[in-house]
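Work through the exercises below with the model open beside you. Try each task before you read its solution.

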Amino acid sequence: MSAEDDDMTEELLADAGKLTGLSLELLGLDPHPDDMTAEQRLQFDPEDLAEMAAVSPVDRQRAVRQARLLAGLLWNSSSILIDQLFRDLGALSSLAVITPADIAGTSVLSSLPPQFAASYDAKFTQKFIVVAADVTASLARGWTAPGCLAGELAVRCLLDQAEITEDIYELDLPEDWRADVAEVLLEDADSDALYPDDEDDGAAGSGSTDDAGQLGFERWFTPFAPGAAVPPYACS
């Protein structure tokens, strides 16, 4: 690991405390029985409590560090995501006609389902930025599940950016961190079916983009249910 990698690791660890919307436990850290209340310990089987207590101090220290590193990574990636979306918006705003090839050259929009690339114009990007900003704000104010398909896609873009940073700086994270975080942030996500060739989504990839009319592009900013949190600008 290079000095640059070390510097990034320390920067992310310093950012970990800013991610107040998700606990380290939700990011994969198993709590230690000594840190639980009596009521919390009742939620676990005795065997599970014994297994958690048997973790060595060294392994426990590494697990805590990895969870904090992941928290900092998500915080850092949320800022990069919004910055790059504005960059994509600037690039598209200068084009008279937008083609799938133009979208393929963008930083974030290229991560969205490619079958709809022709629809990713400047207006769409503005609405997507608003939704992405709202979703990432939940990392600080308290996590709430995305209220529309565009919100779910914004989470996927956030994880894409986090994965890029992990690869660049060779971060010491658990091997399956992305799948574990996605399970928390995108539980039962409808948007999985928009990626039919995504091997990571397993059986979810077999869905059709026409399923019950719920996954059509025109519905990406439609609230999943009455009261679902979607910024007014995105619904306009």
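**Exercise 1. Place Cys148 and describe its surroundings.**

Solution. Start with the location: Cys148 sits in the loop between α6 and α7. Keep in mind that this is a predicted model. Next, take the accessibility. Cys148 has a relative accessible area of 2%. The cut-off for buried is under 20%. Cys148 is therefore buried. Now list its contacts, leaving out residues up to four places away in sequence. Cys148 touches Val131, Trp220, Phe221, Thr222, Phe224 and Val230. Finish with one of these partners, Val230. Cys148 and Val230 are 82 residues apart in sequence, but their C-alpha atoms are 6.8 Å apart in space.

**Exercise 2. Describe the overall fold of the protein chain.**

Solution. Count the elements: the chain has nine helices and zero strands. From the N terminus on, the order is α-α-α-α-α-α-α-α-α. Then compare the radius of gyration with the globule rule. The radius is 19 Å, and the rule gives 18 Å for 236 residues. The two values are close, so the chain is as compact as a globular protein of that length. Its C-alpha trace spans about 60 × 45 × 30 Å along the principal axes.

Turn to burial and surface. Of the 236 residues, 42% count as buried. The chain exposes about 12400 Å², and carbon and sulfur atoms supply 51% of that area. Last, look at contacts with a separation of 6 or more. Residues 24 or more positions apart account for 70% of them.

**Exercise 3. Classify the ring pair Tyr120 and Trp220, and say what it connects.**

Solution. A search of the whole structure finds 10 aromatic pairs. In this one, the ring centres of Tyr120 and Trp220 are 6.0 Å apart and the planes stand at 40°, so the pair is tilted. Now locate the partners. Tyr120 lies in the loop between α5 (100-104) and α6 (122-141). Trp220 lies in the loop between α8 (177-185) and α9 (232-235). The pair therefore ties together parts that are 100 residues apart in sequence.

Check the accessibility of each partner. Tyr120 is buried, at 0% relative accessible area. Trp220 is buried too, at 0%. Then widen the view. Ring pairs link Phe116, Tyr120, Phe124, Phe128, Phe217, Trp220 and Phe221 into a cluster.

**Exercise 4. Which residues have the most contacts inside the largest nonpolar core?**

Solution. This core has 59 residues. Leu74, Leu85, Tyr120, Phe128 and Trp220 have the most contacts inside it. Next, find the helices that contribute. α1 (3-15), α4 (57-93), α6, α7 (149-169) and α8 each supply at least two residues of the core. The background is simple: in soluble globular proteins, nonpolar side chains tend to be buried together.

Take Phe128 as a case. Beyond four places in sequence, Phe128 touches Leu85, Leu112, Ala150, Leu153, Ala154, Cys157 and Phe221.

**Exercise 5. Trace the contacts of Ile129 and Ser77.**

Solution. Begin with Ile129, which is found in helix α6. At 6% relative accessibility, Ile129 counts as buried. Leaving aside neighbours within four places in sequence, Ile129 is in contact with Ile82, Leu85, Phe86 and Leu89.

Now move to Ser77, in helix α4. Ser77 is buried, with a relative accessible area of 0%. With the same neighbours set aside, Ser77 is in contact with Leu158, Gln161, Ala162 and Thr165. Single out Ala162. Ser77 and Ala162 are 85 residues apart along the chain, yet 5.4 Å separates their C-alpha atoms.

**Exercise 6. What is the sign of phi at Glu170 and Asp188?**

Solution. Recall the background: most residues other than glycine have a negative phi. Now read the two angles. Glu170 is not a glycine, but its phi is positive, about 50°. Asp188 is not a glycine either, and its phi is positive, about 55°. Place both residues. Glu170 lies in the loop between α7 and α8. Asp188 lies in the loop between α8 and α9. Add the accessibility of Asp188: a relative accessible area of 68%. Exposed means over 50%, so Asp188 is exposed.

**Exercise 7. Find the residue that lies over the face of Tyr195.**

Solution. Look for a side chain above the ring. Arg156 lies over the face of Tyr195, at 3.8 Å from the ring centre.

Key:
Residues numbered from 1 in each chain as written. Predicted model: local features only at pLDDT ≥ 70, side-chain atom pairs only at ≥ 80, totals over all residues. Heavy atoms only, no water. Phe/Tyr/Trp six-rings, centres within 6.5 Å; stacked < 30°, edge-to-face > 60°. Helix = DSSP H or I, 4+ residues; strand = E, 2+ residues; numbered from the N terminus. Buried < 20%, exposed > 50% of the residue type's maximum accessible area, 1.4 Å probe, protein only. Lys NZ or Arg CZ within 6 Å of the ring centre and 35° of its normal. Core = buried A, V, L, I, M, F, W, Y, C linked by side-chain atoms within 4.5 Å. Contact = heavy atoms within 4.5 Å. Rg over C-alpha atoms; globule rule 2.2 N^0.38 Å. Areas by Shrake-Rupley, 256 points an atom, 1.4 Å probe, with all protein chains shown as cover.
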